[in-house]
Amino acid sequence: KGMQCNGQLEVLHCIENDVGEVGKENVGEDRELAASLSALEGIAMALTTQGCLLRVLNLSGNNIGPAGAACIAKGLATSPQLELLDLSNNLLGVAGANHIAVALTQNTALQVLNLNATQIARAGLRAILSALAHNDTLSVLFALGTVGPSALSE
C-alpha cells in the first residue's frame, strides 16, 4: 500500500524518523526491515501517482541505505513534480548512489538534490555526475562529505 497523496501535500519533511533499512539487518529484525522498505516503497509509489503535488521531499537522517535508495529511485525516475530531494545524512553508499544516478537519467523535474554526508564515495559521486549528462533540470547538487569511510576500500 502506498502513501496516500491527498492532492494538497506539497512539502514533506520526514527527518530522523529511522524509516531506512540500515541497522535492521540483524536476525530477528526482519519485520522491521520489511516495514522500513515498505514505507519507502510507499513514498516512491506516491511520487508517481497522478495528482500528487509533492514538490519537496526531505528524508535526511533516516538510516536509508542502498535498498532504501533503490525504492526512492523508482519514484524519482518518473516523478513529474518533485523539485527537491534531500537524502543527506543517510548511508546510501556507492550502490545507493548508482540507483539515484539511474533515476536522474530519466527524471525531468528534480532541480535540487542533497547528498551531503551519504558515504557515496568517489565512485558514487562519479555515477551521479555522469547521470547529469542526461538530465537538464537538476541545477543544484549538494555533495559535502560524500566521500566517507567507504572510500578507503575503493
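**Exercise 1. State what share of the protein's residues is buried, and how much surface the protein exposes.**

Step 1. The predicted model has 154 residues, and 45% of them count as buried.
Step 2. The exposed surface comes to about 7600 Å². Carbon and sulfur atoms supply 54% of that area.

**Exercise 2. Describe the order of helices and strands along the chain.**

Step 1. Count the elements: the protein has 4 helices and 5 strands.
Step 2. Read them from the N terminus: the order is β-α-β-α-β-α-β-α-β.
Step 3. Consider how far apart in sequence the contacting residues are. Among contacts with a separation of 6 or more, 85% join residues 24 or more positions apart.

**Exercise 3. Describe the largest nonpolar core and find where its residues come from.**

Step 1. Nonpolar side chains tend to be buried together in soluble globular proteins.
Step 2. In this model the largest nonpolar core holds 34 residues, and Leu 59 and Leu 85 have the most contacts inside it.
Step 3. At least two core residues come from each of helix 1 (30-47), helix 2 (66-78), helix 3 (93-106) and helix 4 (121-131). Helix 2 gives the largest share, 6 residues.
Step 4. Look at the surroundings of Leu 59, leaving out residues up to four places away in sequence. Leu 59 touches Cys 14, Leu 40, Ile 43, Ile 64, Ile 72, Asp 86, Leu 87, Ser 88 and Asn 90.

**Exercise 4. Decide whether Cys 14 and Cys 71 are buried or exposed, and give the number of disulfides.**

Step 1. The cut-off for buried is under 20% relative accessible area.
Step 2. Cys 14 has 13% relative accessibility, so Cys 14 counts as buried.
Step 3. Cys 71 has 6%, so Cys 71 is buried as well.
Step 4. A disulfide is a covalent bond between the sulfur atoms of two cysteines. The search of the whole structure finds 0 disulfides.

**Exercise 5. Find the salt bridges and explain which parts of the chain they tie together.**

Step 1. The count is 2 salt bridges.
Step 2. In one of them, the side chains of Glu 10 and Arg 55 meet at 3.0 Å, N to O. Glu 10 is in the segment before strand 1 (11-13), while Arg 55 is in the loop between helix 1 and strand 2 (56-58), so this pair ties together parts 45 residues apart in sequence.
Step 3. Glu 83 and Arg 55 also meet in a salt bridge, at 3.5 Å, N to O. Because Glu 83 lies in the loop between helix 2 and strand 3 (84-86) and Arg 55 in the loop between helix 1 and strand 2, the parts tied together here are 28 residues apart in sequence.
Step 4. Shared partners join Glu 10, Arg 55 and Glu 83 into one network.
Step 5. Check the accessibility of each member. Glu 10 is partly exposed at 34%, Arg 55 is partly exposed at 29%, and Glu 83 is partly exposed at 28%.

**Exercise 6. Identify where pLDDT stays under 50, and say how such a region should be read.**

Step 1. For the protein, the mean pLDDT is 87, and 85% of residues reach 70 or more.
Step 2. Residues 150-154 stay under 50. The model has 8 contacts beyond four places in sequence for residues 150-154.
Step 3. Predicted coordinates should not be read in detail where pLDDT is low.

Notes
Residues are numbered from 1 along each chain as its sequence is written. This is a predicted model: local features need pLDDT of at least 70, side-chain atom pairs count only at pLDDT 80 or more; totals for chains, interfaces and linings use all residues. Side-chain values use heavy atoms; hydrogens and water are left out. A disulfide is a pair of cysteine sulfur atoms within 2.5 Å. Buried means under 20% relative accessible area, exposed over 50%, partly exposed in between (1.4 Å probe, protein chains only). Contact means heavy atoms within 4.5 Å. Accessible areas come from the Shrake-Rupley method with a 1.4 Å probe; for residues, only the protein chains shown count as cover. A nonpolar core is a set of buried Ala, Val, Leu, Ile, Met, Phe, Trp, Tyr and Cys residues joined through side-chain atoms within 4.5 Å. A salt bridge is a side-chain nitrogen of Lys or Arg within 4 Å of a carboxyl oxygen of Asp or Glu. pLDDT is the predictor's confidence in each residue, from 0 to 100.
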